[in-house]
Amino acid sequence: MDNPVPPRAAGPGPRRRDRHGRGMRGPVAPPQVPLSASRAEGFADLVQDSVERLERRWPQLADFDFLVLEVPQLEGSPEAWADETVPLGGTIAAREGHPARVVIYRRPVEIRTKGRDERAALVHEVVVEQVAELLGLTPDTVDPRYGEDSD
């Protein structure tokens, strides 16, 4: 082997495929397809849909902030939470300079539902309950279809 062949120099950019033609080819789905949306984004869309549905009947909801958090924050000692159920949502009353807030906890809602339709129904129920609490009304007053089965 007097004249070994030197290895081929790599191209200017990163190698996208291995020598067998396999490897990363591109995105699995284009960005406009729902598959590319994360679970958190899909959940936020469900909350937004529910809020828009209620705003038609209650225009003052435009003054509220609606937030999605992953899980409720643990306050107090762990023993204090031993007998309590995990909340699905909560409210924060308006203060000087800050509007009233409705908080929906994503993970507890997702754990209690199996599919997108069931999740959307539970999200809407939680939003209705929290809005009713802030407005000082019953959930049936906020949404006359509250508690009805979506079948």
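Start with Phe66 and Val102: Val102, in strand S3, is the bridge partner of Phe66. Keep in mind that this is a predicted model.

**The S1–S3 pair**

Now widen the selection to residues 65–69, which form strand S1. Add S3, residues 101–105. The two strands run parallel and are joined by five bridges. Step along to Leu67, whose bridge partner in S3 is Val103. How covered is S3? Four of its five residues are buried, so to speak of it as mostly covered is fair.

**The other side of S3**

Select residues 89–92 next. This is strand S2, and it pairs with S3 over four bridges, in the antiparallel sense. Click Gly90 and look across to Val103 in S3, which stands opposite. Val103 has also been met as the partner of Leu67.

**The whole sheet**

Show S1, S2 and S3 together. They make an open sheet in the order S1-S3-S2, with mixed pairing. Which strands stand at the edges? S1 and S2 do; each has a single partner strand, so one side of each has no neighbour in the sheet. Look along the strands: neighbours are turned by 20° against each other on average, direction ignored. In a regular strand, side chains alternate between the two faces of the sheet.

**Helix H1**

Select residues 39–55, helix H1. H1 packs on the sheet and touches S1 and S3. Its direction makes about 155° with that of S1. Check its length with a ruler tool. The end C-alpha atoms are 24 Å apart, which agrees with the 24 Å expected for 17 residues at 1.5 Å a residue.

Show the side chains of the buried residues of H1, among them Phe43, Leu46, Val47, Val51 and Leu54. Gly42 and Ser50 are also buried. What do the buried residues of H1 pack against? Their partners are S1, S3, and helices H2 (106–111), H3 (116–135) and H4 (139–142).

**Helix H3**

Move to residues 116–135, helix H3. H3 lies across S1, S2 and S3. With S2 it makes an angle of about 25°.

**Zoom out**

Show the full chain. It holds four helices and three strands. From the N terminus, the elements run α-β-β-β-α-α-α. Colour by burial: 25% of the 151 residues are buried. Turn on the surface. The accessible area is about 11,300 Å², and carbon and sulfur atoms account for 51% of it. Finish with contacts between residues at least 6 apart in sequence: 59% of these join residues at least 24 apart.

How values were computed. Residues are numbered from 1 along each chain as its sequence is written. This is a predicted model: local features need pLDDT of at least 70, side-chain atom pairs count only at pLDDT 80 or more; totals for chains, interfaces and linings use all residues. Side-chain values use heavy atoms; hydrogens and water are left out. Buried means under 20% relative accessible area, exposed over 50%, partly exposed in between (1.4 Å probe, protein chains only). Contact means heavy atoms within 4.5 Å. Accessible areas come from the Shrake-Rupley method with a 1.4 Å probe; for residues, only the protein chains shown count as cover. Two strands pair if DSSP finds at least two bridges between them. The expected span of a helix is 1.5 Å times one less than its number of residues. Axes are lines fitted to C-alpha atoms, for helices over the stretch in contact, and angles run from 0 to 180 degrees between N-to-C directions.
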